[in-house]
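Colleague: Could you walk me through how to read a few local features in a model like this one? I would like the general idea and then the case at hand.

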Amino acid sequence: KPFDALCLWKAHTQLCMPRRPDTSLKVWTDVRRNQRANGRLHRLLLPSRYVLDLLVRSGMDPGLLEVLHLYAPIGKEAAANAPAPARHILALGRLTPEKGFQHLIEALPHIEAPTVLEIGGDGPYAEELRRLAARAPERHTVLFSGAIPRGRISEAFARARVAAVPSIWPEPFGIVGLEAMAHGLPAVAFDVGGIRDWLADGETGALVPRKDIPALARALDAYLSDPGLAQRHGAAGREAVRKRFLPERHISRLLEVFEEAAGASVPARADRLQEENL
């Protein structure tokens, strides 16, 4: 929503921020400061079309905005990976309610064949997730791997046939799904935020409506039950990363923007100084 008193009131009543008056004042002050700073920008780089659309609706000048997608490298080990033969789901991220891991556990009763759900990460919601997992059907196994070191991420992806990105908040991008695609895995995600920028439904994975648990289970089970489908969509995802989301592509455009801003900075700074002196 555009930033105004109504926005602040909704954030207060819907618990988007703490209800302490001093915190509300700080949020208001910080956003106002950011808005003033935005007027001095040469370019604002955004991770997804979703974020760009939000800022346009909030009143920002579209001419300042540009989508510069995040990226995922394809290393030798990632390029060699293909979806694993086991019925194994991998989900990585910080264990908080908005990341939606609880909905993966809730989806397990809708999946008939024995399945392994591996959750990698840590966070304040870990104990609640463990309690939920203890009530999952006995035919399934829920593993909590803790925070997986960066050097072992490829091993984790190699164990899985499909990656799950069950975030229920509007992810600005959702880079963990892109990393899964770089490792040759299809991704299943709720259709929120900027995830559509990298996940092509029915081509590199599946998008399902937010919090639709049966649909989430069906999408996961489609890959678990059909290794060929998982491999085809995983290969398509890896190719999409190769064409659109490599680090070199991101860095090349980023350097161009730096050069453009540096070239524009001298006259722009002079104009501002002249205005201030007047």
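Colleague: Let me start with a side chain. With which side chain does the side chain of Ser167 make a polar contact?

Modeller: Happy to help, and please keep in mind that this is a predicted model. The partner is Glu171: its side chain and that of Ser167 make a polar contact at 2.6 Å. Ser167 is found in the loop between strand 6 and helix 8.

Colleague: Is Ser167 buried or exposed?

Modeller: The cut-off to use is under 20% relative accessible area for buried. Ser167 counts as buried because its relative accessibility is 2%. Leaving aside neighbours within four places in sequence, Ser167 is in contact with Glu98, Lys99, Gly100, Phe190 and Val192.

Colleague: Next, Gln102. Which backbone oxygen does its side chain reach?

Modeller: That of Pro97, at 3.1 Å. Gln102 lies in helix 5, residues 101-107, and is buried, with a relative accessible area of 8%. Pro97 is also among the residues that Gln102 touches once those up to four places away in sequence are not counted; the others are Tyr125, Leu129, Leu132 and Ile168.

Colleague: Now the nonpolar cores. Which residues have the most contacts inside the largest one?

Modeller: The general idea comes first: in soluble globular proteins, nonpolar side chains tend to be buried together. Here, the largest nonpolar core has 51 residues, and Trp198 and Leu220 have the most contacts inside it. Helix 9, residues 213-225, gives the largest share of this core, eight residues. A second, separate core has 10 residues, including Ile148, Ile153, Ala156 and Leu185.

Colleague: What is Trp198 in contact with, leaving aside its neighbours within four places in sequence?

Modeller: Its contacts are Val165, Phe173, Gly174, Gly177, Leu178, Met181, Ala187, Thr204 and Phe245.

Colleague: And empty space? How many cavities of 30 Å³ or more does the structure hold?

Modeller: There is one cavity of 30 Å³ or more, and about 30 Å³ of space lies in the largest cavity. Strand 3 (88-92) and strand 6 (162-165) are the elements that give two or more residues to its lining. The lining consists of Leu90, Ala91, Leu92, Phe157, Ala163, Ala164, Val165 and Val176. By class, this makes eight nonpolar, no polar and no charged residues.

Colleague: What volume does the second largest pocket have?

Modeller: About 360 Å³. Its lining has 20 residues, and the closest to the pocket's centre are Leu92, Gly93, Gly120, Val176 and Glu179. You have already met Leu92 and Val176, which line the largest cavity too. Strand 6 and helix 8 (175-182) each supply at least two residues of the pocket lining, with the largest share, three residues, coming from helix 8.

Colleague: How does that pocket lining divide into nonpolar, polar and charged residues?

Modeller: The second largest pocket is lined by 11 nonpolar, five polar and four charged residues.

Colleague: One last feature, the backbone. What phi does Lys211 have?

Modeller: As background, most residues other than glycine have a negative phi. Lys211 has a positive phi of about 65 degrees although it is not a glycine. Lys211 lies in the loop between strand 8 (205-208) and helix 9. With a relative accessible area of 42%, Lys211 is partly exposed.

Technical notes:
Residues are numbered from 1 along each chain as its sequence is written. This is a predicted model: local features need pLDDT of at least 70, side-chain atom pairs count only at pLDDT 80 or more; totals for chains, interfaces and linings use all residues. Side-chain values use heavy atoms; hydrogens and water are left out. On a 1 Å grid over the protein atoms alone, a cavity is a set of points where a 1.4 Å probe fits but cannot get out, and a pocket is an open set with protein on both sides within 12 Å along at least five of seven lines; lining residues have an atom within 4 Å of a point. Grid points are joined across faces, edges and corners, and a volume is the space filled by probe spheres set on the points. Helices (H or I, at least four residues) and strands (E, at least two) are DSSP runs, numbered from the N terminus. Ala, Val, Leu, Ile, Met, Phe, Trp, Tyr, Cys and Pro count as nonpolar, Asp, Glu, Lys and Arg as charged, and the others, Gly among them, as polar. A nonpolar core is a set of buried Ala, Val, Leu, Ile, Met, Phe, Trp, Tyr and Cys residues joined through side-chain atoms within 4.5 Å. Buried means under 20% relative accessible area, exposed over 50%, partly exposed in between (1.4 Å probe, protein chains only). Contact means heavy atoms within 4.5 Å. A polar contact is a pair of N or O atoms within 3.5 Å; within protein, one must be able to donate a hydrogen and the other to accept it, and residues adjacent in sequence count only if both atoms are side-chain atoms.
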